[in-house]
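Student: I would like a close look at one part of this model, taken slowly, with the surrounding chain brought in afterwards so that I can place what I am seeing. Could you walk me through it?

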Amino acid sequence: LVLWFPSERIPLLNGLMIMLGALGAVTATLPAEFLLVSMGWRALFELLAIVSAGCALVIYLVVPEVSATVPGAGGPNANSLKTIYADPRFWRLMPPSATCIGTAWSLHGLWAAQWFRDVEGLDRAGVVEHLLAMAVALSLGAILLGVAADRLRRRGVGPEVLLGLVAA
């Protein structure tokens, strides 16, 4: 994103990328349950493999190479892990970001289904519906966070402040 888009759009685009990732959690709920019942788990995994290979092919064919002439690209080593880890902005944003996203996805992926089943007493359909609602909320929350970061940046408020508020 930082190589292809202007720096002032990065917070919004990061929110969009996280939203798209969270849509994977949406597909792992009700749509996967429907396909599992209608075609079985083996066929579902075959379909997922085909779709994944198709996505990889589209990325390979459509996404352009970034040349060193792109502003901000700075050559082959400009975006190395060493450069990223040496940047104090990374260390201000990474802990609250990893905490918020890691907690939300861990709750959704590892804990919520058992809670809905064991504590709330929901049947499989109820668990899947609640997980779908959680995944949609995670996805919408990501894009709304990106929009909020974009608008606050225009008012001189950095992403650290918004991320701190969300984490709290």
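Tutor: The side chain of Thr29 comes to 2.6 Å from the backbone oxygen of Val26, and since this is a predicted model, that distance is a computed value taken from the predicted coordinates. Thr29 itself sits in the loop that joins α1, residues 10–27, to α2, residues 30–39. Is this loop residue buried or exposed? Thr29 has a relative accessible area of 5%, and because buried means under 20%, Thr29 counts as buried. Once its neighbours within four places in sequence are set aside, Thr29 is still in contact with His108, Val128, Leu131 and Leu132, so that the picture around Thr29 combines the approach to the backbone oxygen of Val26 with a relative accessible area of 5%.

Two other residues can be set beside this one. Leu16 is found in helix α1, the helix that runs over residues 10–27 and leads into the loop holding Thr29. Leu16 has a relative accessible area of 33% and is therefore partly exposed, and the C-alpha atom of Leu16 is 20 Å from that of Val157, a residue 141 positions away along the chain. Ile84 belongs to helix α4, which covers residues 81–86, and with a relative accessibility of 34% Ile84 also counts as partly exposed. Between the C-alpha atoms of Ile84 and Phe45 there are 36 Å, with 39 residues separating the two along the chain.

As for the whole chain, its secondary structure consists of seven helices and zero strands, and the order along the sequence is α-α-α-α-α-α-α. Of its 168 residues, 18% count as buried, and Thr29 is one of the buried residues. The chain has a radius of gyration of 19 Å, whereas a compact globule of 168 residues would have one near 15 Å, and along the principal axes the C-alpha atoms fill a box of roughly 55 × 40 × 25 Å. Among contacts with a separation of 6 or more, 62% are between residues 24 or more positions apart. The accessible surface amounts to about 11600 Å², with 70% of it belonging to carbon and sulfur atoms, and the 11 positive and 11 negative charges have mean positions that lie 11 Å apart.

Terms used. Residues are numbered from 1 along each chain as its sequence is written. This is a predicted model: local features need pLDDT of at least 70, side-chain atom pairs count only at pLDDT 80 or more; totals for chains, interfaces and linings use all residues. Side-chain values use heavy atoms; hydrogens and water are left out. Helices (H or I, at least four residues) and strands (E, at least two) are DSSP runs, numbered from the N terminus. The radius of gyration is taken over C-alpha atoms; the globule rule is 2.2 Å times the number of residues to the power 0.38. Buried means under 20% relative accessible area, exposed over 50%, partly exposed in between (1.4 Å probe, protein chains only). Contact means heavy atoms within 4.5 Å. Accessible areas come from the Shrake-Rupley method with a 1.4 Å probe; for residues, only the protein chains shown count as cover. Lys and Arg count as positive and Asp and Glu as negative; His and the chain ends are not counted. The place of a charge is taken as NZ of Lys, CZ of Arg, CG of Asp or CD of Glu. A polar contact is a pair of N or O atoms within 3.5 Å; within protein, one must be able to donate a hydrogen and the other to accept it, and residues adjacent in sequence count only if both atoms are side-chain atoms.
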